[in-house]
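Reader: I'm new to reading protein models. Could you walk me through a few features, one at a time?

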Amino acid sequence: MYRLIKPLFFQFEPEKVHHFVVKQLKWFNDHFPMGKTILRSSFDINIKGLEREVFGIKFRNPVGLAAGFDKNGEYVEALSNLGFGFIEVGTVTPLPQPGNDAPRMFRLQEDSALINRMGFNNKGVDTLAERLRLLKAKDKSIVIGGNIGKNKNTPNEDAVSDYIKCFDRLFDVVDYFVVNVSSPNTPGLRELQEKAPLMNLLNTLQQRNLTHKVSRPILLKIAPDLTNEQLDDIVEIVLETGIAGVIATNTTIDKSGLNSPAELTGEAGGLSGKPLTTRSTEVIRYISTKSNKAFPIIGVGGIHSPQDAKDKLAAGASLVQLYTGFIYEGPGIVKRICKELV
């Protein structure tokens with residue numbers, strides 16, 4: 001079915017069709033008679049052999065939805081009925097912000113890829129926290145990750161305060177946190193991946209985390225463009241700060257070797273999809289080996305098939321996430337991956 005309607009969807013601007021599709025999905029899930037049942041029977045798979053426990057959280061399957069797809073937590077329940085084992089919302093910032101000017105997302109169909117420069121567009125952490133509070137009161141079974149960032153106008157020297165605000169506001173309504181310092185679309189953000197500022201940020205969050213009776217796992221999302229020396233620093237930082245693990249990887253700024261037209265490949269922003277498959281797996285394998293598997297890794301980047309997911313897991317990932325592959329391959333990709341993993 002998706003193969004038939006995808007060409008129609010791809011006739012429209014990516015961001016516009018995204019909002020249209022998820023709104024229709026939510027309506028179908030919430031209001032169509034037997035909507036939830038139809039979605040679950042069509043796309044979900046519930047097999048005990050898929051369950052796994054990672055950083056103290058039980059996941060019904062290891063295939064999640066990456067941050068960025070549902071920035072404001074508006075569609076979590078409907079998306080979970082498509083078979084995802086967990087949903088990551090955000091990236092969210094303390095204050096609402098519109099993000100970068102549109103158009104800001106581009107399809108590279110010849111490469112099965114996307115370029116985006118969204119710029120952390122979101123409705124702010126208060127809106128997200130309230131929405132998740134209501135959802136958790138209704139259904140505690142959905143594992144939700146909160147991906148947090150800083151506002152565009154917050155200087156890097158004040159960035160820690162933005163992350164703390166998001167952390168505190170979401171603490172009671174998410175199951176784990178992701179610290180996003182690796183998006184290429186907020187000016188200067190990736191400078192926070194350098195060792196000194198990153199140590200300061202993660203130590204501050206972890207100290208705050210440990211003041212609670214029950215702490216939340218904190219993960220660091222990293223860029224695929226880091227050198228091996230920088231990845232060595234990441235491993236050291238994770239071990240020293242005691243955070244729970246790493247998400248590898250975010251989008252890349254490397255646009256070499258693409259087959260799509262130059263007017264698309266030349267667009268500013270982060271590249272995701274198939275061109276990232278190999279590099280993200282390399283980063284996973286390097287970190288897993290370098291750390292001697294000392295902490296969990298969530299693998300994301302270019303997963304378009306069950307084999308891509310298996311390769312990430314074989315390289316050292318404990319869980320995987322989809323985004324661009326979900327758009328290109330359709331909602332059935334989650335079930336196909338889970339069947340192969342069984």
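Author: Sure! Keep in mind that this is a predicted model. Let's start with a single residue: N116 sits in strand β6, which covers residues 113-116.

Reader: Okay, so is N116 buried or exposed?

Author: The idea is to look at relative accessible area, where anything under 20% is called buried. N116 comes out at 17%, so it counts as buried.

Reader: What does the side chain of N116 reach?

Author: It reaches the backbone nitrogen of M118, at 3.1 Å.

Reader: And which residues is N116 in contact with, leaving aside its neighbours within four places in sequence?

Author: Here you skip the sequence neighbours and list what remains. For N116 that gives R104, M105, N185, T251, G269 and G270.

Reader: Now something emptier. How many cavities of 30 Å³ or more does the count come to?

Author: The count is one. The volume of the largest cavity is about 450 Å³.

Reader: Which residues lie nearest the centre of the largest cavity?

Author: You'll recognise one of them! Its lining has 33 residues, and those nearest the centre are A67, N116, N250, T251 and Y323. You can also read the lining by element: β4, β6, β11 (270-273), β13 (319-322) and α12 (324-329) each give two or more residues to it.

Reader: Let's do rings. How do I describe a pair of aromatic rings?

Author: With two values: the distance of the centres and the angle of the planes. A search of the whole structure turns up 13 aromatic pairs. Take F59 and F86: their centres are 5.0 Å apart with 75° between the planes, an edge-to-face pair.

Reader: Why does the F59 and F86 pair tie together parts that are apart in sequence?

Author: Check where each ring sits. F59 belongs to strand β2 (residues 57-59) and F86 to strand β4 (residues 86-92), so the pair joins parts 27 residues apart in sequence. F59 is buried, at 1% relative accessible area, and F86 is buried too, with 1% relative accessibility.

Reader: How are the rings of F86 and Y176 arranged?

Author: Their centres are 6.4 Å apart and their planes meet at 65°, so this pair is edge-to-face. It links distant parts of the chain, as F86 is in strand β4 and Y176 in strand β8 (residues 176-180), 90 residues apart. Y176 is buried, with a relative accessible area of 0%.

Reader: Which residues form one aromatic cluster with F86?

Author: F55, F59 and Y176 join F86 in that cluster.

Reader: What lies over the face of F10, and what over the face of F171?

Author: For this you look for a charged side chain above a ring. R107 lies over the face of F10, 4.4 Å from the ring centre. Over the face of F171 you'll find R216, at 4.7 Å from the ring centre.

Reader: One last residue: where is G245?

Author: G245 is in strand β10, residues 245-248. It is buried, with a relative accessible area of 0%. Not counting residues up to four places away in sequence, G245 touches I218, L219, L220, F295 and P296.

Reader: How far apart are G245 and Q230?

Author: You can answer that in two ways. In sequence, G245 and Q230 are 15 residues apart; in space, they are 16 Å apart, C-alpha to C-alpha.

Definitions and conventions
Residues numbered from 1 in each chain as written. Predicted model: local features only at pLDDT ≥ 70, side-chain atom pairs only at ≥ 80, totals over all residues. Heavy atoms only, no water. Phe/Tyr/Trp six-rings, centres within 6.5 Å; stacked < 30°, edge-to-face > 60°. Helix = DSSP H or I, 4+ residues; strand = E, 2+ residues; numbered from the N terminus. Buried < 20%, exposed > 50% of the residue type's maximum accessible area, 1.4 Å probe, protein only. Lys NZ or Arg CZ within 6 Å of the ring centre and 35° of its normal. Polar contact = N/O pair within 3.5 Å; in protein donor to acceptor, adjacent residues only side chain to side chain. Contact = heavy atoms within 4.5 Å. 1 Å grid on protein atoms, 1.4 Å probe; cavity = no way out; pocket = protein on both sides within 12 Å on 5 of 7 lines; lining within 4 Å. Points joined across faces, edges and corners; volume = space filled by probe spheres on them.
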